Amino acid sequence: MSQPAPTGLFLSFEGIDGAGKSSHIAGIAERFRAAGREVVSTREPGGTPLAESLRELVLHQAMDPLTEALLVFAARRDHLQQCIEPALARGAVVLSDRYTDATFAYQGGGRGFDLALLRTLESWVQARVDAPGQLRQPDLTFWFDLAPSIAAERLAGARAPDRFEALDQAFFTRVRDGYAARAAAEPQRFARIEADAPREAVAAQIARVLEARGL
Ligand SMILES: Nc1ncnc2c1ncn2[C@@H]1O[C@H](COP(=O)(O)OP(=O)(O)O)[C@@H](O)[C@H]1O
Ligand SMILES: Cc1cn([C@H]2C[C@H](O)[C@@H](COP(=O)(O)OP(=O)(O)O)O2)c(=O)[nH]c1=O
């Protein structure tokens, strides 16, 4: 008798720069490993050698908004094909520090790039081979929501800013609005985390979301 296909799980972590998402991913990975799951921790742009090269360009080279959008989607395509899809097919838990919601928030909201064109790129890049007509989207997205003024205070002096982190609070207000619009459009997929809470309280919110979903 053939075995049923393993069930992978795809979680993404989103929010403006400095919202605190990277601080919690290792703990979540540990939770799933302790439950016996294979965990693949990855990030966007990045997650494969080619996509990491594209990340360097996107974060550090000046370019026009269309070039930026095409590069983040090119990186995502390679990441999906080389890393995410094989991991999900093995039944692994994939934890991705950012995914496509970041493109809608940063390139769409922040840069003001045409959302219809982003949706077209999304439909090309994320088309599923195993499920025709469906796009590869996370099963659950944690949105670390935080006022841009607090994020800026956290990041001040914490690390050298890249092309995005150097932008002003008006940019991050538009990025936050971009996330809010994506969350409103897909409320079942999104879990909004009040990220201005202390670290332990943020971790407790995350644990409650996972428990509520039986994860
Ligand atoms: N809940 C929190 N309260 C205060 N500072 C935090 C909190 N979570 C993270 N930080 C700090 O804020 C900065 C940004 O956190 P980080 O996890 O790198 O954010 P992100 O990955 O969302 O950009 C780091 O210096 C981190 O130590
Ligand atoms: C995935 C993605 C990221 N970005 C931006 C958001 C972030 O500013 C940056 C990636 O940085 P981030 O993942 O926050 O890494 P770090 O915490 O190490 O700085 O890339 C986009 O503009 N579009 C995208 O599609």
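In this predicted model, the space taken by ligand 2 is the largest pocket. The elements that each give two or more residues to the shell around ligand 2 are α2 (49-60), α3 (65-90) and α4 (100-110). Of these, α4 supplies the largest share, with 4 residues.

The surroundings of ligand 2 comprise 17 residues. Asp17, Arg55, Thr103, Gln107 and Glu165 come nearest. Sorted by class, the shell around ligand 2 holds 9 charged, 6 nonpolar and 2 polar residues. Several side chains face oxygen atoms of the ligand. A polar side-chain atom of Asp17 is placed 3.0 Å from an oxygen atom of ligand 2. For Arg98, an N or O atom of the side chain is 3.1 Å from an oxygen atom of ligand 2. For Lys21, the corresponding distance from a side-chain N or O atom to an oxygen atom of ligand 2 is 3.4 Å. On its own, ligand 2 has 550 Å² of accessible area, and the protein covers 91% of that area.

Ligand 1 also sits in the largest pocket. Around ligand 1 there are 13 residues. The closest are Gly18, Gly20, Ser22, Ser23 and Arg199. By class, this shell has 5 charged, 4 polar and 4 nonpolar residues. Polar side-chain atoms of two residues approach oxygen atoms of ligand 1. The atom of Ser23 lies 2.6 Å from such an oxygen. For Arg199 the distance to an oxygen atom of ligand 1 is 2.6 Å. The backbone contributes as well. A backbone N or O atom of Lys21 is 3.0 Å from an oxygen atom of ligand 1. Ligand 1 has 570 Å² of accessible area on its own, of which the protein covers 79%.

Lys21 thus takes part at both ligands. Its backbone lies by an oxygen atom of ligand 1, and its side chain by an oxygen atom of ligand 2.

The UniProt record, an unreviewed entry, gives a "binding site" at Gly15, Ile16, Asp17, Gly18, Ala19, Gly20, Lys21 and Ser22. Of these residues, Ile16, Asp17, Gly18, Ala19, Gly20, Lys21 and Ser22 are included in the lining of the largest pocket. Several of the annotated positions recur in the ligand shells. Asp17 is among the residues nearest to ligand 2. Gly18, Gly20 and Ser22 are among the closest to ligand 1. Gly18 itself is located in the loop between β1 (9-15) and α1 (22-34).

Two further loops carry notable backbone geometry. Arg98 is placed in the loop between β3 (93-97) and α4. Its phi is near 85°, a positive value in a residue other than glycine. The side chain of Arg98 is the one described above, with an N or O atom 3.1 Å from an oxygen atom of ligand 2. The second case is the peptide bond from Glu44 to Pro45, which is cis, with omega near -10°. Pro45 belongs to the loop between β2 (39-43) and α2.

At the level of the chain, the same unreviewed UniProt entry lists residues 13-206 as "domain: Thymidylate kinase-like". Helix accounts for 55% of residues 13-206 and strand for 12%. The end C-alpha atoms of this stretch are 11 Å apart.

Terms used
Residues are numbered from 1 along each chain as its sequence is written. Chains are lettered from A and ligands numbered from 1 in the order in which they are written. This is a predicted model: local features need pLDDT of at least 70, side-chain atom pairs count only at pLDDT 80 or more; totals for chains, interfaces and linings use all residues. Side-chain values use heavy atoms; hydrogens and water are left out. A residue is near a molecule or strand if one of its heavy atoms lies within 4 Å of it. A polar contact is a pair of N or O atoms within 3.5 Å; within protein, one must be able to donate a hydrogen and the other to accept it, and residues adjacent in sequence count only if both atoms are side-chain atoms. Accessible areas come from the Shrake-Rupley method with a 1.4 Å probe; for residues, only the protein chains shown count as cover. On a 1 Å grid over the protein atoms alone, a cavity is a set of points where a 1.4 Å probe fits but cannot get out, and a pocket is an open set with protein on both sides within 12 Å along at least five of seven lines; lining residues have an atom within 4 Å of a point. A molecule sits in a cavity or pocket if more than half of its atoms lie within 2 Å of its grid points. Ala, Val, Leu, Ile, Met, Phe, Trp, Tyr, Cys and Pro count as nonpolar, Asp, Glu, Lys and Arg as charged, and the others, Gly among them, as polar. UniProt positions are given in the numbering used here, feature names are shortened, and annotations may be inferred rather than shown by experiment.
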